[in-house]
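The exercises below are meant to be worked through with the sequence and the 3D view open. Each begins with a task and is followed by a solution that goes step by step.

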Amino acid sequence: MNAELFGSQVNVWVDALVRVLIIVGMMTVVVMGLIWFERKIIGRFQMRLGPTRTGPFGLLQSVADGLKLVAKEDVRPKNADPWVFELAPYFVFVPTFLMFVAVPFAFGFQVRVLELGLFYVLAVSSVSIVGWVMAGWGSDNRYAMLGALRAAAQAISYELPLVMAMIAVAMVAGTLNLQEIVLGQSRLPNIVLQPLPAFIFFTATLAELNRTPFDIPVGESEVVGGPFVEYSGIRWSMFFLAEYAAMFILALLGSAIFLGGWAWPMGEQWGASWQLLLTTVKAGAFIFLIFWVRSTLPRMRVDQLMGFSWKVLLPFGFAQIMVNGFILVNGWPAVTSGVLLGTTSLAGLFAVGWIVQRSVSRPRPRPVMMARSEAAQ
Amino acid sequence: MKGLLRSMGVTLSAFMRKPVTREFPETHRELPERDRAFPLLLWDFEQTEPFCTGCHACERACPVECMTVLMKDNPNHKSAGGDSTRRKIIDKFWIDYGRCMRCNICVEVCNFDAIAMNNTWSGHEMSVYDRADLVQDLPQLLSESRGGELKAWRAP
């Protein structure tokens with residue numbers, strides 16, 4: 001029962017333990033870095049400086065925050081369901097953690113190369129919603145419950161477009177193995193062939209992560225803090241950790257399946273450090289885009305959110321899969337099918353833009369009460 | 001959709017601009033010369049003595065009575081063998097900055113342009129642990145002007 005780890009044979013359990021420790025350590029560091037990065041970036045978007053006091057450029061701000069959270073009192077509401085309340089953070093944290101297994105950083109630089117990597121990531125990522133609902137239910141708080149139900153509705157709605165986008169890409173790549181998907185993009189990243197699924201993936205990612213403009217479950221003005229109103233200290237920081245880790249993983253995933261991951265450009269030729277740099281830059285760009293959207297757009301209403309998912313993203317995802325099927329089934333040469341895929345997908349993207357433009361700029365009927373009061377005068 | 005993309009552009013342009021906030025205690029924004037902090041006394045560099053003659057005009061005009069002025073005969077006056085034209089000069093001067101409301105009336109009533117509002121950051125960063133420390137005496141009131149730290153002050 002031996003496995004290969006860094007070129008040497010070790011016991012599988014030792015191997016597993018080492019890999020888990022590496023992931024947990026990396027996840028924590030990356031999350032702290034991301035929080036600092038977000039605060040700096042959002043600060044610049046609002047023409048502020050962001051944190052500057054703690055350490056050079058405020059780099060130790062996350063460490064200070066983490067220490068504060070760990071040192072806080074462990075509060076549990078009297079009426080909370082003890083088991084559900086206390087297990088909820090783990091149910092959010094562990095699936096996020098499991099997603100790390102299949103995500104590729106560089107060639108041969110990932111925990112496991114899974115044959116069904118994409119499917120695995122999708123399957124595992126949707127488990128964390130159980131934790132959200134548990135947190136909402138276990139807190140015995142109306143705001144938490146409302147937030148949890150909103151989170152569940154939103155996550156389930158946006159899981160489908162996410163899956164559709166990924167299926168479209170998997171059709172083009174011809175595999176579900178993430179490493180092979182990345183390898184297949186060594187000449188051309190998938191976003192050129194599939195701009196519409198890339199857009200759907202990005203939008204659905206924002207919703208899955210509960211980021212602005214889809215931060216309805218955690219909207220402070222409506223449901224205070226969403227499912228984690230009653231959480232504080234280390235439990236709350238676990239939710240936070242899971243949220244940012246999920247953002248990091250989905251950014252890695254997005255850069256792997258759409259932006260060419262470590263393979264484009266010249267990934268295979270120029271070695272592992274170049275590949276790691278590529279992955280970092282692409283994931284960083286993806287995350288920067290998330291922050292950019294966050295600093296720009298206001299929060300949507302629930303009906304807008306649902307309508308966008310079910311009426312726009314999902315049908316277009318289906319349409320993309322159909323079109324992909326009709327093009328790919330012919331077995332045309334790569335250039336022909338590539339051009340066809342790219343143009344149809346780009347047309348689909350413009351169609352989405354046109355539909356959104358039409359729906360936001362259409363004349364709206366006067367609200368009933370207002371019309372009635374005007375008639376009475 | 002168009003508005004959405006345009007708003008993304010707007011935020012990006014904000015991102016590219018220089019932050020307007022400053023790291024306050026280390027870097028200070030430049031104050032205008034008409035900035036009105038607490039009042040202080042001006043130093044006459046030609047006669048090497050204060051402009052103030054201790055005439056009590058400011059003390060009488062002060063609405064919050066934060067000033068205490070004592071006058072004396074000028075030892076540097078011509079009659080005493082000196083070269084100053086001031087017969088009387090300030091002996092002791094206290095201003096309680098804890099009371100002062102920075103109304104500028106003392107500056108307006110002064111017949112000798114001897115008192116001015118501090119227009120440097122030292123007039124704003126005055127926090128102390130004891131209120132008694134806010135009462136400034138004559139050397140303290142003159143130090144800014146003597147040090148040449150006040151920016152060119154012009155009568156309004």
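**Exercise 1. Decide whether Ser128(A) is buried or exposed, and describe its surroundings.**

Ser128(A) has 24 C-beta neighbours inside 10 Å, and because a residue with 20 or more such neighbours is classed as buried, Ser128(A) counts as buried. The model in which this count is made is a predicted one. The next step is to place the residue, and Ser128(A) lies in helix H5 of chain A, which covers residues 128–138. Once the neighbours within four places in sequence are left aside, the contacts of Ser128(A) are with Phe91(A), Val92(A), Pro95(A), Thr96(A) and Ala242(A). As a last step, take the pair Ser128(A) and Trp236(A), which are 108 residues apart along the chain and whose C-alpha atoms are separated by 15 Å.

**Exercise 2. Describe the overall build of chain A from its secondary structure, its extent and its contacts.**

Begin with the secondary structure, which in chain A comes to 16 helices and 2 strands. The radius of gyration is 22 Å, close to the 21 Å that the globule rule gives for 377 residues, so chain A is as compact as a globular protein of that length. Along the principal axes, the C-alpha trace of chain A spans about 75 × 55 × 40 Å. Turning to the interior, buried residues make up 41% of the 377 residues in chain A. Finally, of the contacts in chain A between residues at least 6 apart in sequence, 77% join residues that are at least 24 apart.

**Exercise 3. Work out how chain A is divided into domains, and which elements of domain 1 touch domain 2.**

The division gives domain 1, residues 1–71, and domain 2, residues 72–361. Their centres, taken over C-alpha atoms, are separated by 20 Å. In the contact between them, 17 residues come from domain 1 of chain A and 17 residues from domain 2 of chain A. On the side of domain 1, the elements that give two or more residues are H1 and helix H2 (61–71) of chain A, and the largest share, 11 residues, comes from H1(A). Sorted by class, this side of domain 1 has 12 nonpolar, 2 polar and 3 charged residues.

**Exercise 4. Classify two helix pairs of chain A, H1 with H11 and H9 with H15, by the way their axes are set.**

Two packed helices are described by the angle between their axes and the distance between the axes. For the pair of H1 (residues 12–45) and H11 (residues 233–257) of chain A, the axes come within 9 Å and cross at roughly 90 degrees. Because angles of 65 to 115 degrees count as roughly perpendicular, H1(A) and H11(A) are roughly perpendicular to each other. H1(A) contributes Met27(A), Val30(A), Val31(A), Leu34(A) and Ile35(A) to the contact, while H11(A) contributes Leu241(A), Tyr244(A), Ala245(A), Met247(A) and Phe248(A). By class, this contact has 10 nonpolar residues, with no polar and no charged ones.

For the second pair, H9 (residues 195–208) and H15 (residues 334–361) of chain A pack at an angle of about 45 degrees, with their axes 6 Å apart, and H9(A) and H15(A) are therefore oblique to each other. Here Pro195(A), Leu196(A) and Phe199(A) of H9(A) meet Ser345(A), Leu346(A), Gly348(A), Leu349(A) and Val352(A) of H15(A). The residues of this contact divide into 6 nonpolar, 2 polar and no charged.

**Exercise 5. Find the cis peptide bond between Thr212(A) and Pro213(A), and examine the positive phi values of His56(B) and Asn104(B).**

In chain A, the cis peptide bond joins Thr212(A) and Pro213(A), with omega about 5 degrees, and Pro213(A) sits in the loop between H9 and helix H10 (220–223). In chain B, His56(B) is a residue other than glycine with a positive phi, near 70 degrees. His56(B) is found in the loop between strand S3 (49–50) and helix H2 (57–61) of chain B, and with 13 C-beta neighbours inside 10 Å it counts as partly exposed. Asn104(B), which is not a glycine either, has a positive phi of about 75 degrees. Its place is in the loop between strand S5 (88–96) and helix H3 (105–109) of chain B, and with 14 other C-beta atoms within 10 Å, Asn104(B) is partly exposed.

**Exercise 6. State how many residues of chain B and of chain A are in contact.**

The contact brings together 13 residues of chain B and 12 residues of chain A. On the chain B side, the residues divide into 7 nonpolar, 3 polar and 3 charged.

Definitions and conventions: Residues are numbered from 1 along each chain as its sequence is written. Chains are lettered from A and ligands numbered from 1 in the order in which they are written. This is a predicted model: local features need pLDDT of at least 70, side-chain atom pairs count only at pLDDT 80 or more; totals for chains, interfaces and linings use all residues. Two residues are in contact if their C-beta atoms, placed from the backbone, lie within 7 Å. Ala, Val, Leu, Ile, Met, Phe, Trp, Tyr, Cys and Pro count as nonpolar, Asp, Glu, Lys and Arg as charged, and the others, Gly among them, as polar. Axes are lines fitted to C-alpha atoms, for helices over the stretch in contact, and angles run from 0 to 180 degrees between N-to-C directions. Helices (H or I, at least four residues) and strands (E, at least two) are DSSP runs, numbered from the N terminus. Angles under 35 degrees count as roughly parallel, over 145 as roughly antiparallel, 65 to 115 as roughly perpendicular and the rest as oblique. The radius of gyration is taken over C-alpha atoms; the globule rule is 2.2 Å times the number of residues to the power 0.38. A residue is buried if 20 or more other C-beta atoms lie within 10 Å of its own, exposed if 12 or fewer, and partly exposed in between; C-beta atoms are placed from the backbone. Domain bounds come from an automatic or database domain assignment.
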